[in-house]
Amino acid sequence: MALFFIAPVLIGFGIFYLYPAIRGFWWSLTDYSLLAEPEFIGLENYANVLQDPEFWNSMAVTFAYVLINVGSQTIIALVLAALMHRLTRSVVLRTTLLLPWLVPNVTVALIWLWLLDTNLGFINKVIESMGLDAVGFFTNPSFTIPTISLINTWAYVGYTALLFYAGMLQIPQDTYEAAAIDGAGEFRTFFRITLPLLRPILALVLVVSLIGSFQIFDTIAVTTKGGPVNASRVIYYYIYQQAFTYFDMGYAATMAILLVLILGVLTFIQLRLLRASESQIA
Amino acid sequence: MKRNTALRLAGITTAGIVLAMTAGCSAAGGDDGGAVTLDYWLWDDAQLPAYQQCADEFTEANPDIQVEITQYGWGEYWTNLATQIAAGSAPDVWVNQASYYPQFVADKQIEDLQPFLDEDDSAVDFDAYVPGLSDIWVVDGARYGLPKDWDTIGLVVNKQAIADAGLDEASLQDLTWNPDDGGTFEEAIAKLTVDQAGRHGDDPAFDKDNVAVYGFLPEWADGSAGQNLWGNLAQSNGFTYSDVNPFGTEFNFDSPELVETIDWISSLQAKGYAPPFDQQSTLSRLEVLQSGAGAMTSMGSFNQLMFKDVAADYVFAALPTGPEGRKSAINGLSDAMYAGGEHKDQAWEWIKYLASGDCQSVVGETGVIFPADTAASEASVAARAELGLDASVFLSYSEEEDGTFLIPISYNGAEMNQIVQDAIQSVALGTAEAEAALTDANAKVNALFE
């Protein structure tokens, strides 16, 4: 009976996750142009990928993106959640924070593409009216990745803040009362009570947003297409290019498999460091 | 209890969806009796009405063959096509482009049309086409498409900017260029550039850090052909892409003629005549031109109709004459037949009709593109003239000997595009020297063919 109830999920998992994953692994061992039949070539793809400077560049670009995106998103979300938790519990405010998250990613990217355009964008007009030079947010290689990271921080920070907020609501109110009686200020309360007791949620949110952040694709595809040169060619975009522009599905599958390995290791380290399975709330 | 029902329902729905999906696959394959429906794909929505008319007329003449046209934007077109080919259900006939077709040939996904031609040798009048277009699609005696349309490159200049610069419109039709001082082309660009104080680029007091109108908007995202700008200038400076074209295997992207050309285009930024690469708009050059932030740019004949509502404000001119003459890239399209298709004879009839003067003149009369058929091309020029757009410059290159050159057609085209474009953009950005970047890129390109 139990099996019957989990069957829908199990079937879905099998068809949409397990089978494609196995197929992807098989492709990574082949020379497969997508147009002709795959041809087994052993580990050749793996050797080539590891020697491909573009692969390492795209990994570095992705790491930079993840660092800025997850870093800024987590800090801002924590602050917002703490404010919601300690200052106001207005439902209107919470909903407003969530609005950017409700906008489709492609729309978000297009809106910012227009706002930040060097010649016609509103933001650059403001910058120029202050007597400064226009900034090529998407065209200057040192700005592209920070720009795209912060756009997605803008889009996701409300959602992350809401998760933290839900976590904070689980922290027993009496710990805060005890802290208040002991004369702890807001900052001390945050660092000594909220943060440590939030740790399991923090770990979960970090792992989920890290994995999500590694999957950055749509904003890049809409705004810079990996450019200028290769300054924003993140790993997902490079995988996509190899598979569907260069018709090298085998090579693309190899990079995808390597990405799974890297993400697996990162997740393991994170969970270990944050001791996610232990909670201090008894 | 309620929850149980919901779960069961979910299970049944999932099973239903899976069944429906498998059923959908088998239903698509069947057809009834003699009537055949051909799938035809194209990417340009502006051409859709004309080809729909062709399809209707074709079905009128061949009642047993229906044609169903599907249009995808350029961005999705090739990915969708690849996925459909991988699934074995690609359209019977699709519009093919010169730099994409070698991959389909290499993977044996498109049909050789020569056997059909041999059986039906009066089917196509090759003399009716603009010279050079039909050979693009021939590989080792096999023919992978019949010519559909073609395009060349010209200059578009804002008339008001010409007047402000004190230039003569007629003089722009006959510019000269060289990589050393840029010739009269650079002089015109300088005059068209205006700084925020209203001084022109040739004024010694010109402030290159505060430019209001850029004299020229270069295209830097231009693949391995430089079809929209650098390829034309480099060719007029004596550059050739490869040992042979089509299907070259040894490339010359490190040649001094190309290095000089890229250096010259890049130098326009330093002089304040072109927007710095890292501060250019993410919008297309033509949009920037129409916004008034630029005075002149190069563009393909396929984009001319973008100016139909502002025809009186712009003038079209031929590319400048370089040390080796005036040269424009020529690119062509064709219709390809899917090798895995079920109705090849009917597909051949459709392809033949698409390549005929009948269908091409329908398309030509809309003025959207230049059909491969010479008479239909002239009809297209006439249609544009009625809109106030002078298209004669795009045709002028074929009057001169070697006035046009073919964009590179070879295997590994997509990788090549990225490698060369990255190298040229790094020069534009100032992060690399042209010679070093292009030598490196050329080595990578040649390594693709080892």
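Okay, one bit of vocabulary before anything else: when I say helix or strand, I mean a DSSP run, of at least four residues for a helix and at least two for a strand, numbered from the N terminus. With that in hand, here's a place to start: Asp402(B) sits in the loop between α14 (392-396) and β14 (404-406) of chain B. And please keep in mind that this is a predicted model.

So what's odd about Asp402(B)? Its phi is positive, about 55°, although the residue is not a glycine. Is Asp402(B) buried or exposed? With a relative accessibility of 54%, Asp402(B) counts as exposed, because the cut-off for that is over 50%.

Let me set that beside another residue with a positive phi. Phe247(B) isn't a glycine either, and its phi is near 60°. You'll find Phe247(B) in the loop between α8 and α9 of chain B. Here the relative accessibility is 16%, so Phe247(B) counts as buried. And look at what comes just before it in that loop: the peptide bond from Asn245(B) to Pro246(B) is cis, with omega near 0°. Pro246(B) is in the loop between α8 and α9 as well.

Okay, let's zoom out to the whole chain. Chain B carries 16 helices and 14 strands. How does the radius of gyration of chain B fit with a compact globule? For 450 residues you'd look for something near 22 Å, and chain B comes in at 25 Å, which agrees. If you lay the C-alpha trace along its principal axes, the spans are about 80 × 70 × 50 Å.

What about the inside? Of the 450 residues in chain B, 54% count as buried. And if you take the contacts between residues at least 6 apart in sequence, 73% of them join residues at least 24 apart.

On the outside, the accessible surface of chain B is about 18600 Å², and carbon and sulfur atoms account for 48% of that. Then there are the charges: chain B has 19 positive and 71 negative ones. The mean positions of those two sets are 10 Å apart.

Now, the part I enjoyed: the aromatics. How many aromatic pairs are there over all chains? The count comes to 51. Take Trp220(B) and Phe277(B) as one of them: the ring centres are 6.4 Å apart and the planes are at 80°, so we call this pair edge-to-face. What does the pair tie together? Trp220(B) is in the loop between β9 (211-213) and α8 (230-236), while Phe277(B) is in the loop between α9 (256-270) and α10 (285-291), so the pair links parts of chain B that are 57 residues apart in sequence. Trp220(B) is buried, at 2% relative accessible area, and Phe277(B) is buried too, at 4%.

Another pair is Phe239(B) with Tyr241(B), again edge-to-face, with 5.4 Å centre to centre and 80° between the planes. Both partners are tucked away by the numbers: Phe239(B) counts as buried at 1% relative accessibility, and Tyr241(B) is buried at 2%.

Last one, and it's worth pulling up on the screen. There's an aromatic cluster made of Trp41(B), Trp43(B), Tyr72(B), Trp74(B), Tyr77(B), Trp78(B), Trp94(B), Tyr100(B), Phe104(B) and Tyr338(B). Okay, that's my tour. Over to you.

Notes:
Residues numbered from 1 in each chain as written. Chains lettered and ligands numbered in written order. Predicted model: local features only at pLDDT ≥ 70, side-chain atom pairs only at ≥ 80, totals over all residues. Heavy atoms only, no water. Rg over C-alpha atoms; globule rule 2.2 N^0.38 Å. Buried < 20%, exposed > 50% of the residue type's maximum accessible area, 1.4 Å probe, protein only. Contact = heavy atoms within 4.5 Å. Areas by Shrake-Rupley, 256 points an atom, 1.4 Å probe, with all protein chains shown as cover. Lys, Arg positive; Asp, Glu negative; His and termini not counted. Charge placed at Lys NZ, Arg CZ, Asp CG, Glu CD. Phe/Tyr/Trp six-rings, centres within 6.5 Å; stacked < 30°, edge-to-face > 60°.
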